[in-house]
There are 2 protein chains.
Amino acid sequence: MGLQSTMKALSDPTRREILNLLKKGPMPAGDLVSHFTMSGAAVSKHLSILKEANLVRDRREGRFIIYELNASVLEEVLLWIRDLKGEKDS
Amino acid sequence: MGLQSTMKALSDPTRREILNLLKKGPMPAGDLVSHFTMSGAAVSKHLSILKEANLVRDRREGRFIIYELNASVLEEVLLWIRDLKGEKDS
DNA sequence: AAAATATTTAACTTTCTGGTTAAATTTCTC
DNA sequence: GAGAAATTTAACCAGAAAGTTAAATATTTT
């Protein structure tokens, strides 16, 4: 956890795209996979990195595994950036 | 350029630390180097990545090369995060 | 113009990353 | 309980990343 794992997770375009897809709402891994040309295994690995960084949560629902965005972790990133920019506001 | 190069640049802790050091004001490469245990060459490479991503500017001053923070690029990151969080405010 | 200083570039090594395919796991359905 | 479906895990590979030391470059000083 911490800022490092968050930034590392966000540095990959596929992972950022996954988060964008989850913005619309939770969905099963398979739905996410179908948005990409890479294998399901590759997407699964990306998901586990996002989960490790706490940017997503997952739950099993029947034989699907549902992924859901957890944007709260991004607060730490916002703070870091604001600090860098001189702490003018919030 | 673009969000990708920014995020990639920010994903390394040494580079984030460099940006933090530059928050206090512009300084020569050598001053930055002295804050780390790694070689000057290594820091120089980090600086070139930050420059490539437009997160810093450099200028020669005598036999020093002065680096300066350019926080404006971070705006794009803020926008991306805010969008992800549901575009509530700004 | 030679020496000293500040920094970058080159060549190289090791470790990490992101992808692949194949096998394992979990749950549902027949 | 066997088979199908959804997903993860394992083993592997190629290319990128981050460090090292040594050589090159640019500038000032003597």
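Biologist: Which element gives the most to the surface near DNA strand C?
Modeller: That's α4(B), with 6 residues. Helices are DSSP runs of H or I, at least four residues, and strands are E runs of at least two, numbered from the N terminus. This is a predicted model, where local features need pLDDT of at least 70 and side-chain atom pairs count only at pLDDT 80 or more, while totals for chains, interfaces and linings use all residues. Residues are numbered from 1 along each chain as its sequence is written, with chains lettered from A and ligands numbered from 1 in the order in which they are written.

Biologist: OK, and which residues come nearest to strand C?
Modeller: Of 24 around it, Ala41(A), Pro28(B), Gly30(B), Ala41(B) and Ser44(B). "Around" needs a C-beta atom, placed from the backbone, within 6 Å of the strand.

Biologist: How about DNA strand D, which residues come nearest there?
Modeller: Pro28(A), Gly30(A), Ala41(A), Ser44(A) and Ala41(B), out of 23 residues. Two or more residues each come from α3 (29-33), α4 (40-52) and β3 (64-69) of chain A, plus α4 (40-52) of chain B.

Biologist: What's the class split near strand D?
Modeller: 9 nonpolar, 8 polar and 6 charged. Nonpolar means Ala, Val, Leu, Ile, Met, Phe, Trp, Tyr, Cys and Pro, charged means Asp, Glu, Lys and Arg, and the others, Gly among them, are polar.

Biologist: Switching topic: how many residues does each chain put into the A and B contact?
Modeller: 16 from chain B and 16 from chain A, with contact meaning C-beta atoms, placed from the backbone, within 7 Å.

Biologist: Which element gives the most on the chain B side?
Modeller: α5(B), with 5 residues.

How values were computed: Contact = placed C-beta atoms within 7 Å.
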